[in-house]
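Me: I'd like to learn how to read the features of a model like this one, sheets to begin with. Can you walk me through them?

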Amino acid sequence: MTLMNTLTKDKYNFICNRWLDANEDDNEIVREMAAEGPAVRRIMGMARYRVTVCTGELPNAGTDANVYLCLYGDVGDTGERLLFNCRNNVDMFLKGNADEFTIESVTMRKVRRVRIRHDGLGGSSGWFLERVLVREEGQPESDNVEYPCLRWLDKDKDDGQLVRELLPSNSNATLKNYRYHISLKTGDIPGASTDSTVYIKLYGDKYDTIKQDLLVSDNNLKNYFERSRVDEFTLETLNIGTINRVVIGHNGAGRRAGWFLGSVEIRVPRQGKKYTFPVNRWVDKNKADGRLQVELYPSEIVEIQKLVHYEIEVWTGDVGGATTTARVYVQIYGEKGKTEVLFLSSRSRVFERASKDTFQLEAADVGEVYKIRLGHTGEGFSPSWFVDMLWLRQLVVQEVELTPEEEALKKKEENKLRQQLKKEWLKAKLQRKMKRKQMKKGSDEEGEGDEEEESSSEESSSEEEEEEETEEEEEEEEFGPGMQEVVEQYKFDVNRWLAWGKEDSEIVLELAPSGRSGPQLNTYEVQVITGKVANAGTSANVYVTIYGEEYGDTGERPLKKSDKSSKFQPGQTDTFIVYAIELGPLTKIRIRHDNAGNKSGWFLERVDITDTNNETTYYFPCQRWLSVEEDDGQLSRELLSVDESYVLPPEEDDEGGGGGDNNPLDNMGLEQKDKSTTFSVTIKTGDKKNAGTDANVFITLFGTEDDTGKAPGWFVDWIEVDAPSLGKCMTFPCGRWLSKNEDDGAIVRDLFHEELQTRRYTPFVPYEITIYTGDVFAAGTNANIFIVIYGCDGLCTKQKFLCTNKREQKMYFERKSASRFIMELEDVGEIIEKIRLGHDNTGINPGWHCAYVEIRRLLPDKDGTETVTFACDRWLATSEDDKKTIRELVPFDVFTEKYMKDGSLRQIYKEVEEPLDIVLYSVQIFTGNVPGAGTDAKVYITIYGDLGDTGERYLGKSENRTNKFERGTVGGARGAEPLPFSFLGPISGGQLFLVPKAASWEFHGESCTLRQTCTLALPPAGGWSCLSDPGSACGVRVGLPQARGLFEPWVAGCQDSVVFRKPSPLWAGRESGGAPLRVMRLYPQRLDLAGWRLVLPPTPRQVESLWPRCPHMQDEGSDMSQLPCVVQSPREPWRGWGSRWAPAPPTCGSI
């Protein structure tokens, strides 16, 4: 056979001269031929490889399927060969057989790996392959290279794979191989499913895989490639590098062969990459382009968590009843962190008596391992398990020094390679000479040609030799000079039972590697103290996790065996023993229960843990419910360690001084809240048919430090996790089913947040809010109390309701009680100016008498706390006092506790020198005189100023009308709605919506009236700036908006008007009631009212603050509040209350 390169016209000859027949010659039907001809610089020789396939001795280890094998060497491979011509056995691949085959091919120099598989056909296709031996024919058997397997190639055993990649015995193929997790989504259109056998081939920048049939799904779906389903498969092979394309297709067999493929997704955890291949097309000979195979290219390559490969080998003991039917799991701890809980699962039976089971796992890289946790779930009819030992292996890169023997062997192989390359070059040179002689050309020309050709071939040969050496050096120094990938293995001696009722009745065990330095086994005595409140005990199963500073945690341990016959009774202390590897100083615990039983609610007082090795006791106070019907409804609590002085009663001194009635734990809530993070989780269920679920849903959040611990069909659209103390709101898109009958059948999914969708904001800080209810008759309330905290410059928190449910509303705010809440709210700065307190007036007895409020928070450097007290002593009730349900309170004292550098506690008490004044704002609402202008709806108003806002206030009771907001009503002197607020400073805006009508000013008696109703929106605080600034003025400037065009259609026949009166609350301490404006008559020519000004006099507070900086004011007199208001046209020059004031104002705002 001859091949010709059509571009260069070079010809390559392949000489065979042999049979390809199962009944002729050597009965082979596949031949390899080396290239010859003038263009060939090296003619590679032929080689015969003796391959011995050894079947294991396990029951049913043999197979009747067709077996295929491919050898891979330094220069190519043999291609996949069917093993049918056995040299020593008629019946091949039987239990215990060693079947020999001969494979002839162009030399591969050194065989590096073996790929072997079978087609799964036959009644007993399952096969346990022990090993494969390979040597060149003619070499002694001692030169056999062993490629161990010791695994099943069976759909129903091990991992269900029918193909294995084998490396030499010293190479640890299982650890070096990469796993490619392939997800195939069938489209959601009629007839999309297929009955055909689907295959796939991956192409990388280093190698490519074989065309592999996808026969065994990882998610164990009954029917593969069904409409709208996702089938998952795993290919285990060598690292092919970055995937650049994929070929996928099917064989077209079956009644419904046509297939609509939606997409292909390939995850390679060891690379830390996910490849997405969009398809959305038919793979059908009768549809689209009629092709049964498509070539795909990745549209997106996403970085995912990078994992490493672990191999775990478990030896079950040889004692009676050692076998377990429970699910076994392991968790690995190292210097870089810990893995997730990894279940050791297999399709075949594992953990049999006196057996060894090997598992391949992908998990996070934890670095050097210092302990593992081994346990089982206790399920099944025979959960008891006797473990002998456990081996853990992983690949690490480290510097390796070769022994003199290894150095000599390496040099010997290099010399052998050079000789082989030289032999191939000489053979090609000799062939070229013979070819030239046959052509019978002139001797001179031949000589010249020979010299030129010899020189060029010598150069080419030397270049090729250099290339070979360079390839070897690159392979050796892939991980750096002198660095190699070696196997690090850890041995864990167990030799004990993990069973209830045997030995110490533990089913979870922590182990440290044998023969290595590190933490040792420790015993922790856990005392759980149940509270003394009514129904405090629980019948649920309780679990605890203990965390340390140095060596991780104990994992979740069930608290089953107590020193008391009945556990977790009110006021009772239960003692448990937890065996674990030493954790170092304890930092926190997580305790929860499973809500099982008739009385699952539990009030936990505290947990005390004693480290028996160091004889140290740690105290973890709780004093909260773990109940869905009490407190905040949580079943899990994370508790921080506190000093014993906070939990143990102080000893009385000689003078008889006691500890008093104060509980030190009352002041620990704020500090514990600051050290924890609250995550608010929002889950969006998709808008699909039957998308909802009534199953119990759980979630686990994984972070850089730790995790949060732990249906009929459910379609999840996305999950949003808000962490206020971190200032982050993260979105985790899903858009998939969690259902055994939909999608890929999974009911658990790992979701990763989208960084671009993460919303960041200023982190919240914790506040401890204590509200004291008064000691008067019916002072308590069932209403829902809310609070707003204001800092300087109007910075405030959002309105926050203190109770989260009806049950808490009944528990708190009782007469003569203190209700304490710890919550995360916006940071309002160093100074709290005021708070707004109110309730929603719901419940049977909504009226409430508040005595005072305390707000405690941490100092900025967190070396102490600050407590601000707000006096109230008034009713918040519609039937008491002034019938208001909202109060604004200003602080009257601040108590600071700060820890000094010497450890002493410094306490400072001071009164607030200049709190904000509580003033009364009079609000008049004018309803238009058009048909249907009135309303019977509830009307609310919010007024804004430089120092904050009033919050939304209900305009409930009018002082002059029984029916509010009727058509054409105008408020008189007593028609205002008085609203008491703290002083807002200059009013910078408001929400008061009126209908725009006429556009002229007129004078009516004692008020200046604007015949154009509009939205009240006063300008910012520039009007209160210092009078010495020539560009400002003292007072509130009101500019009217440009109305041309907008209001013209309503000019004719309009008689509506709005009266602007000077509100007396701008003067602190003045009686309510409006003061008339100066008598002026203004007639604007058109509807353009921009620039009109209403100037109000300053308040005493402003006079006092501006007096030292504004000498012109001193000539005007101290009682500036008696000056009249001024309404000015934009055509008039600016004038204030003194001739020496600034001559021109800045541009006015608009209303």
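Reply: Sure. Two strands count as paired if DSSP finds at least two bridges between them. Keep in mind that this is a predicted model. Here, one open sheet has four strands in the order β34-β31-β36-β37, with antiparallel pairing.

Me: Which strands stand at the edges of that sheet, and why are they edges?

Reply: They are β34 (573-581) and β37 (616-626); each has a single partner strand, so one side of each lacks a neighbour in the sheet. On average, neighbouring strands here are turned by 20° against each other, direction ignored.

Me: How many bridges join β31 and β36?

Reply: Seven: β31 (residues 521-530) and β36 (residues 602-611) pair over that many, in the antiparallel sense. To see one of the contacts, pick Tyr-524, whose bridge partner in β36 is Asp-611.

Me: OK, let me try another sheet. What is the strand order in the open sheet of six strands?

Reply: Read it as β46-β43-β48-β49-β51-β52, again with antiparallel pairing. Its edge strands, β46 (818-825) and β52 (905-911), each pair on one side only. The twist from one strand to the next averages 20°. Inside the order, β49 (residues 864-876) and β51 (residues 891-899) share seven antiparallel bridges, and Thr-867 stands opposite Phe-895 in β51.

Me: How many helices and strands does the chain have?

Reply: Seven helices and 64 strands.

Me: Now surfaces. What share of the chain is buried?

Reply: Buried means under 20% relative accessible area. By that cut-off, 46% of the 1151 residues are buried. The accessible surface of the chain is about 58700 Å², and carbon and sulfur atoms hold 47% of that.

Me: Which residues make the nonpolar surface patch of about 440 Å²?

Reply: Look for Phe-679, Val-681, Ile-683, Val-697, Ile-699 and Leu-726. Leu-726 sits in the loop between β40 (714-723) and β41 (728-738).

Me: Why does Leu-726 count as partly exposed?

Reply: Partly exposed covers the range between buried, under 20%, and exposed, over 50%. Leu-726 gets that label because its relative accessibility is 46%.

Me: Last one: where does UniProt put "domain: PLAT"?

Reply: The unreviewed UniProt entry lists that feature at residues 1-34, 47-167, 178-297, 308-423, 522-640 and 765-890. Try the span 1-34 in the model: its end C-alpha atoms lie 11 Å apart, and it is 0% helix and 21% strand.

Methods. Residues numbered from 1 in each chain as written. Predicted model: local features only at pLDDT ≥ 70, side-chain atom pairs only at ≥ 80, totals over all residues. Heavy atoms only, no water. UniProt positions renumbered as here; feature names shortened; annotations may be inferred. Helix = DSSP H or I, 4+ residues; strand = E, 2+ residues; numbered from the N terminus. Patch = residues over 30% accessible without salt bridge, like charges linked within 9 Å, V, L, I, M, F, W, Y side chains within 5 Å. Areas by Shrake-Rupley, 256 points an atom, 1.4 Å probe, with all protein chains shown as cover. Salt bridge = Lys/Arg side-chain N within 4 Å of Asp/Glu carboxyl O. Buried < 20%, exposed > 50% of the residue type's maximum accessible area, 1.4 Å probe, protein only. Axes fitted to C-alpha atoms, helices over the stretch in contact; angles between N-to-C directions.
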